[in-house]
Amino acid sequence: MQASNAGRLLAAQTGAAKALYAIVITTLLLFWLNQDSISLYCQQKYHQSCELPVLGQSPAWRLGGNLTHALGDARDSFIDSLEKRSEPVLVAKVEASDTVELPAPVQVVAVHLDKPPVCRPRPRQQAGCGQGRGTCCCTCTCTCTCSAGRPGALASGYRGVPGGRR
């Protein structure tokens with residue numbers, strides 16, 4: 001009886017090898033770029049130079065240190081140029097044009113949610129009792145005030161809820 005699947009084991013080992021490869025390459029790249037800082041650390045810690053015998057004299061190896069110095073100098077000069085500029089640079093200047101007339105202001109209606117709605121009565125179109133003329137409003141509960149003696153009847157043209165027209 002096999003303890004594990006060989007395909008899964010190979011896939012896991014391949015993934016681990018890829019991760020280890022990425023870590024080694026990243027470490028070498030960081031050593032290449034930061035070689036001057038590492039050299040200063042060795043001089044302060046061990047009081048002697050810790051330059052690699054063959055690799056330390058190679059022009060390709062020294063290119064990493066020179067590249068780091070050039071990037072640092074470029075960063076410093078960029079920041080200095082930003083600090084020296086006293087006047088902000090405008091992208092585009094806009095010429096003054098004719099004055100634009102705005103439309104008349106619209107009347108603002110205040111809505112109070114903590115108070116019941118105010119009903120503005122209007123003539124009833126159809127009375128629920130078929131008698132007399134009462135008043136109705138389409139935004140609140142309507143009552144019939146007809147002469148047939150049925151006060152409080154709901155008008156038939158409305159449902160008694162906001163916007164409740166048939």
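Trainee: Is Arg 62 buried, partly exposed or exposed?

Mentor: This is a predicted model, so read the class from the computed relative accessible area. Partly exposed covers the range between under 20% and over 50%. Arg 62 has a value of 31% and is partly exposed.

Trainee: Which side chain does Arg 62 meet in a salt bridge?

Mentor: For a salt bridge, look at the N to O distance, which has to be within 4 Å. Arg 62 pairs with Asp 36 at 3.4 Å. Asp 36 is likewise partly exposed, at 23% relative accessible area.

Trainee: Which parts does that pair tie together?

Mentor: Check where each partner sits. Asp 36 belongs to helix 2 (residues 35-46) and Arg 62 to helix 3 (residues 59-84), so the salt bridge links parts 26 residues apart in sequence.

Trainee: How many salt bridges does the structure hold?

Mentor: There are 2. Besides the Asp 36 pair, Asp 76 forms one with Arg 75, with 3.6 Å between the closest N and O atoms. Asp 76 is partly exposed, at 37%.

Trainee: What span does helix 3 reach?

Mentor: Compare the end-to-end C-alpha distance with the expected one. Helix 3 has 26 residues and spans 37 Å, close to the expected 38 Å. At the N-terminal end, Ser 58 acts as a cap, with a side-chain oxygen 3.4 Å from the backbone nitrogen of Ala 60.

Trainee: Which residues of helix 3 are buried, and what covers them?

Mentor: List the buried positions, then look at their surroundings. In helix 3 they are Trp 61, Gly 64, Gly 65 and Gly 72. Their cover includes helix 1 (6-33) and helix 2.

Technical notes. Residues are numbered from 1 along each chain as its sequence is written. This is a predicted model: local features need pLDDT of at least 70, side-chain atom pairs count only at pLDDT 80 or more; totals for chains, interfaces and linings use all residues. Side-chain values use heavy atoms; hydrogens and water are left out. Helices (H or I, at least four residues) and strands (E, at least two) are DSSP runs, numbered from the N terminus. Buried means under 20% relative accessible area, exposed over 50%, partly exposed in between (1.4 Å probe, protein chains only). The expected span of a helix is 1.5 Å times one less than its number of residues. Contact means heavy atoms within 4.5 Å. A polar contact is a pair of N or O atoms within 3.5 Å; within protein, one must be able to donate a hydrogen and the other to accept it, and residues adjacent in sequence count only if both atoms are side-chain atoms.
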